[in-house]
Amino acid sequence: MFLKHHYKLFLSIALLIIFFFISRPYYQYVLDPDGACYAAIAEQYAAGEIYNAINGLWSPLHSWLIIPFIKLGIRTTDAFKLSNLIWAIGILILLYVYFQKRKIERELLNGILIASLPILSYYIWYELAADLLFAFLLLM
């Protein structure tokens, strides 16, 4: 029953996940300068070098959230992209809940969910750190 009423949300999440894994070989080496710094900070935190990781430019929250992935042996850039996928799924859910509460037309809601997929995909691959997390926190 739950799946029947919310199938567009599940469909959009499934499409995002499928696109993530299909497009990974093409975007696995994309790295922005800020993301490289976030990755270096996360690696220092994971290695226990807390004093070297502290800086005045970048917020440590996303780097802290990546530490378990790094400890599991996942490459740092892949860990950030995987966390971006998680935040993007969270954003889709929050958009869905928000527009459900506003009682907008179902066709418009479906259009918003589908139209947000390319935007979220862009941020998953090209903005390595903090942007999707920040958007998720703003939408909460």
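**Note on the predicted model: cores, a helix pair and two loop residues**

1. The largest nonpolar core of this predicted model contains 22 residues. Within this core, the residues with the most contacts are Leu16, Leu92, Leu120, Ile124 and Leu132. At least two core residues come from each of H2, H6, H7 and helix H8 (131-139). H6 provides the largest share, with nine residues. In soluble globular proteins, nonpolar side chains tend to be buried together.

2. Leu120 deserves separate mention. When neighbours within four places in sequence are set aside, Leu120 contacts Leu16, Ala88, Ile91, Leu92 and Leu132. Another core, of 16 residues, lies apart from the largest one; Tyr45, Ile66, Phe80 and Ala130 are among its members.

3. The pairing of two helices may be considered next. Helix H2 spans residues 7-27 and helix H6 spans residues 76-101. Their axes come within 10 Å and cross at roughly 160°. Angles over 145 degrees count as roughly antiparallel, and H2 and H6 are therefore roughly antiparallel to each other. The crossing of these two helices is right-handed.

4. The residues that form this helix contact can be listed by side. From H2 come Leu9, Ser12, Ile13, Leu16, Ile17, Phe20, Arg24 and Tyr27. From H6 come Asp78, Lys81, Leu82, Leu85, Ala88, Ile89, Leu92, Ile93 and Tyr96. Of the residues in the contact of H2 with H6, 13 are nonpolar, one is polar and three are charged.

5. Lys103 merits a check of its backbone. This residue has a positive phi of about 55°, although it is not a glycine. Lys103 is situated in the loop between H6 and helix H7 (106-126). Is Lys103 buried or exposed? With a relative accessible area of 72%, Lys103 is exposed, since the cut-off for exposed is over 50%.

6. A second loop residue, Glu127, sits between H7 and H8. Its relative accessibility is 22%, and Glu127 therefore counts as partly exposed; buried would require under 20%. Which residues does Glu127 touch, not counting those up to four places away in sequence? They are Asp32, Asn84 and Tyr122. Glu127 and Val30 are 97 residues apart along the chain, while their C-alpha atoms are separated by 8.9 Å.

Methods
Residues numbered from 1 in each chain as written. Predicted model: local features only at pLDDT ≥ 70, side-chain atom pairs only at ≥ 80, totals over all residues. Heavy atoms only, no water. Axes fitted to C-alpha atoms, helices over the stretch in contact; angles between N-to-C directions. Helix = DSSP H or I, 4+ residues; strand = E, 2+ residues; numbered from the N terminus. Parallel < 35°, antiparallel > 145°, perpendicular 65-115°, else oblique. Left-handed = near helix turned anticlockwise from the far one by under 90°. Contact = heavy atoms within 4.5 Å. Nonpolar A, V, L, I, M, F, W, Y, C, P; charged D, E, K, R; others polar. Buried < 20%, exposed > 50% of the residue type's maximum accessible area, 1.4 Å probe, protein only. Core = buried A, V, L, I, M, F, W, Y, C linked by side-chain atoms within 4.5 Å.
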